Amino acid sequence: MEKQIAIVTGAANGIGKAISQRLVADGLFVLLVDVDPISGNKTLAEIGTDKAAFYLTDISDESQVKALFQSIEKSYGQIDVLVNNAGIIRDNMIWNMDSADFDLVIKINLKGSWLMCREAARIMKQQKAGRILNISSRAWMGNKGQTNYSASKAGIIGLTRALALELGPYNVSVNAVAPGLIDTALTKELKKEVLEKLVGAQPTKTMGKPEDVAHMVSFLVSPHTNFITGQTIYVDGGKSIGAGI
Ligand SMILES: NC(=O)c1ccc[n+]([C@@H]2O[C@H](COP(=O)([O-])OP(=O)(O)OC[C@H]3O[C@@H](n4cnc5c(N)ncnc54)[C@H](O)[C@@H]3O)[C@@H](O)[C@H]2O)c1
């Protein structure tokens, strides 16, 4: 295929949808991967079947991930970009958290991204070209009620750094983007008073938009970033600076 092929996970909604729309605007053909068929097909209809395709896949299921890559290789013969964006939250203070909610968050956010990276790495290593972008979170530094989520997103940063070392000699870059508070369905799950407190603690006193993350992803997967790998870039309205006021 003449166009570059990008896989975006969690592409049906929120940040993943904005990333997909942005990469399509950049001229890439985008493979939208998600477990939500209704939103996935809606997003595909909005983007257009000449610019994207939808794959119903649970990234935490090893056999589904393998089947996905087999199908993509057969149809397109190349993978230029992988954006690991799919993720969930199951918040609670640790003393109220079920171990099932710890397992699920790690399984989807961390292991799912690792499974996708492994299959993409095998192909990109052979191609001697590729860009992998993992969506972490500013929350990897720690958030009350998110021991499971923070651990999964810290894991994403370790995965990114280790994989950057492994794939560096093969002209494949691996970077992470760590968004802060972004206005999506995920943050709408938060209680109103919690959200107000979080916005109040932002240096910018605002939430970000999915497009703010999409612009950074667009830059990092572009040809202008040949010498950037293993990095975590914050898109968080300055929250990671850590200043209290
Ligand atoms: N919204 C924020 O404030 C924020 C901040 C930091 C990081 N993030 C991260 O950004 C990413 C996207 O978040 P969002 O706010 O757009 O969330 P969202 O809930 O709006 O969208 C997440 C998408 O992932 C899909 N998904 C969930 N489990 C999946 C699975 N097993 N396989 C495939 N797809 C799956 C969902 O169906 C959904 O379409 C997540 O990794 C999240 O942790 C979000």
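**Exercise 1. Is Val33 buried or exposed?** Work with the predicted model shown above, and then describe the surroundings of Val33.

*Solution.* Start by placing the residue: Val33 is part of strand β2. Next, look at the accessible area. Val33 has a relative accessible area of 1%, and the cut-off for buried is under 20%, so Val33 is buried. Now list the contacts, skipping neighbours within four places in sequence: Val33 touches Ile7, Val8, Thr9, Gly10, Ala11, Tyr55, Thr57, Ile59 and Leu68. To finish, try a distance from C-alpha to C-alpha: Val33 and Thr184 are 18 Å apart in space, with their positions 151 residues apart in sequence.

**Exercise 2. Which residues touch the most other members of the largest nonpolar core?** Then find the elements that build this core.

*Solution.* The core has 37 residues, and Ile7, Leu31, Phe69 and Ile132 are the ones that touch the most other members. Step two is to go through the elements: β1, β2, β3, α3, α4, α5 and β6 each supply at least two residues. The largest share, nine residues, belongs to α4. As background, nonpolar side chains in soluble globular proteins tend to be buried together.

Then zoom in on Ile132. Leaving out residues up to four places away in sequence, Ile132 touches Leu82, Asn84, Cys117, Ala120, Met124, Leu163, Leu167, Ser173, Val174 and Asn175. Don't stop there, though: a second, separate core of 27 residues includes Ala6, Val24, Leu32 and Leu44.

**Exercise 3. What does α5 pack against?** Check its span as well.

*Solution.* Begin with the span: α5 has 21 residues and reaches 30 Å from its first C-alpha to its last, close to the 30 Å expected at 1.5 Å a residue. Next, pick out its buried residues, among them Tyr149, Ile156, Thr160, Leu163 and Leu167. Finally, see what faces them: the buried residues of α5 pack against α4, β5, β6 and β7.

**Exercise 4. Which residues come nearest to the ligand?** Follow up with the polar pairs.

*Solution.* Of the 29 residues around the ligand, the nearest are Asn13, Asp34, Asn85, Tyr149 and Thr184. Now take the pairs one by one:

- Asp58 has a polar side-chain atom 2.8 Å from a nitrogen atom of the ligand.
- Tyr149 has a side-chain N or O atom 2.5 Å from an oxygen atom of the ligand.
- Thr184 places a polar side-chain atom 2.5 Å from an oxygen atom of the ligand.

As for cover, the ligand taken alone exposes 840 Å², and the protein buries 92% of that. The last step is the shell: α1, α5 and α6 give two or more residues to it, and the largest share, three residues, comes from α6.

Conventions: Residues numbered from 1 in each chain as written. Predicted model: local features only at pLDDT ≥ 70, side-chain atom pairs only at ≥ 80, totals over all residues. Heavy atoms only, no water. Core = buried A, V, L, I, M, F, W, Y, C linked by side-chain atoms within 4.5 Å. Buried < 20%, exposed > 50% of the residue type's maximum accessible area, 1.4 Å probe, protein only. Helix = DSSP H or I, 4+ residues; strand = E, 2+ residues; numbered from the N terminus. Contact = heavy atoms within 4.5 Å. Expected span 1.5 Å × (residues − 1). Near = heavy atom within 4 Å. Polar contact = N/O pair within 3.5 Å; in protein donor to acceptor, adjacent residues only side chain to side chain. Areas by Shrake-Rupley, 256 points an atom, 1.4 Å probe, with all protein chains shown as cover.
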